[in-house]
Amino acid sequence: MSAPKHSRASGKASARRSNGADASGEQLQAVIIAAHGRHYLAEADGEKLQCVTRGKKTNVAVGDQVMLTRTSADQGVIDEISERRTLLYRSDQYKSKLLAANLTQLFIVVATEPGFADDLVSRALVAAEAAGIKAHLILNKVDVVESLAKTRERVQPYAALGYPVYEVSAKAQPEQTLATLKPLLAGQSSILIGQSGMGKSSLINLLVPEADIAVREISAALDTGKHTTTFTRLYQLPGLGPDSAIIDSPGFQEFGLYHLSEGMLERAFVEFSAYLGHCKFYNCRHLSEPQCAVLDAVADGKIAKMRHTLYGQLLHESAQTLY
């Protein structure tokens with residue numbers, strides 16, 4: 001799956017702009033590079049436009065390829081969202097929150113300090129599996145040696161499930177960090193997620209040296225004032241190829257997955273795959289049923305009890321959905 005390409009505005013439209021003519025009503029292809037509430041920032045052929053949707057629609061995500069109508073020199077209205085390759089989002093009992101569209105991979109950032117929540121890591125992995133997005137872990141701040149052994153022990157179960165873990169130190173070892181991450185990001189549309197304090201901002205600033213300036217520009221365009229960490233934003237990585245982009249998301253402590261059905265959930269736990277279809281009952285929920293292959297694997301230590309407990313919690317959440 002290739003990362004979404006930036007679409008180009010037509011030559012005719014570009015000519016109109018260069019001649020200084022009024023281009024209101026002009027149709028443009030663009031990519032959404034930032035979102036805050038119902039306000040979006042789109043980029044078309046290097047030009048940024050503040051955008052809104054028609055009516056009260058809020059189903060636009062960062063990374064979306066869109067068609068828009070220019071309404072003034074730097075503003076437009078989003079008319080259409082192109083078909084998405086992937087969509088990553090989280091949800092609670094009442095509503096969903098789009099995180100990003102057209103992703104090819106997700107990086108969960110954890111650190112030696114402060115401590116990270118296994119619940120959030122596992123939920124993010126489940127969300128990635130359900131969306132068809134490849135997932136990785138980045139273990140940041142490995143220079144904090146007194147916590148390194150314990151943190152490595154905590155991330156080992158995820159590595160055992162097949163999720164790669166990359167050890168870096170954005171601040172103490174910037175060159176080594178870049179050498180590790182750049183090959184992974186080339187030609188991909190990636191997102192960094194994680195709790196506050198894990199060092200996501202340090203990683204972004206390392207990968208995108210002009211990120212601070214871009215954040216201020218985006219904040220001003222979206223009228224978010226000083227709240228520069230409350231919106232998701234996309235950065236191009238031109239040194240890594242035209243299809244390379246990275247999306248930074250706000251730090252959050254919870255990752256609700258109320259939108260996932262029972263069938264989606266059991267398939268999103270990769271360690272369940274060898275046992276699905278081997279239970280006594282075809283409609284087994286893998287909770288307390290007799291002769292359940294998944295429960296037997298948990299009892300035998302082949303599936304981590306922590307992960308199975310999360311599966312049960314997610315099933316419960318799925319049953320509570322009201323939207």
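This is a friendly chat about the pockets, cavities and annotated sites of one predicted model.

Reader: Hi! What kind of model is this, and how are residues numbered?
Author: It is a predicted model, where local features need pLDDT of at least 70 and side-chain atom pairs count only at pLDDT 80 or more, while totals for chains, interfaces and linings use all residues. Residues are numbered from 1 along each chain as its sequence is written, and side-chain values use heavy atoms, with hydrogens and water left out.

Reader: Cool. How much space lies in the largest pocket?
Author: About 420 Å³. A pocket here is an open set of points on a 1 Å grid over the protein atoms alone, with protein on both sides within 12 Å along at least five of seven lines. Grid points are joined across faces, edges and corners, and the volume is the space filled by probe spheres set on the points.

Reader: And which residues lie nearest its centre?
Author: Ala35, Gly37, Val60, Lys97 and Leu98, out of 21 lining residues; lining means having an atom within 4 Å of a point.

Reader: Which element gives the most to that lining?
Author: Strand β7 does, with four residues. Strands are DSSP runs of E, at least two residues, and helices are runs of H or I, at least four, numbered from the N terminus.

Reader: What about the lining by class?
Author: The largest pocket has 10 nonpolar, eight polar and three charged residues. Ala, Val, Leu, Ile, Met, Phe, Trp, Tyr, Cys and Pro count as nonpolar, Asp, Glu, Lys and Arg as charged, and the others, Gly among them, as polar.

Reader: Switching topic: what is the volume of the second largest cavity?
Author: About 30 Å³. A cavity is a set of points where a 1.4 Å probe fits but cannot get out. Its lining divides into eight nonpolar, no polar and no charged residues, and helix α4 (residues 174-185) gives the most, with three.

Reader: Where does UniProt place a "binding site"?
Author: The unreviewed entry places that feature at Cys279, Cys284, His286 and Cys292. UniProt annotations may be inferred rather than shown by experiment.

Reader: Is Cys292 buried or exposed, and what is it in contact with?
Author: Cys292 counts as buried because its relative accessible area is 1%, and buried means under 20% (1.4 Å probe, protein chains only). Leaving aside neighbours within four places in sequence, Cys292 is in contact with Cys279, Cys284 and His286, where contact means heavy atoms within 4.5 Å.

Reader: Where does Cys279 lie?
Author: Cys279 lies in the loop between α7 (262-268) and α8 (293-299). Cys279 is buried too, at 15%.

Key:
Buried < 20%, exposed > 50% of the residue type's maximum accessible area, 1.4 Å probe, protein only.
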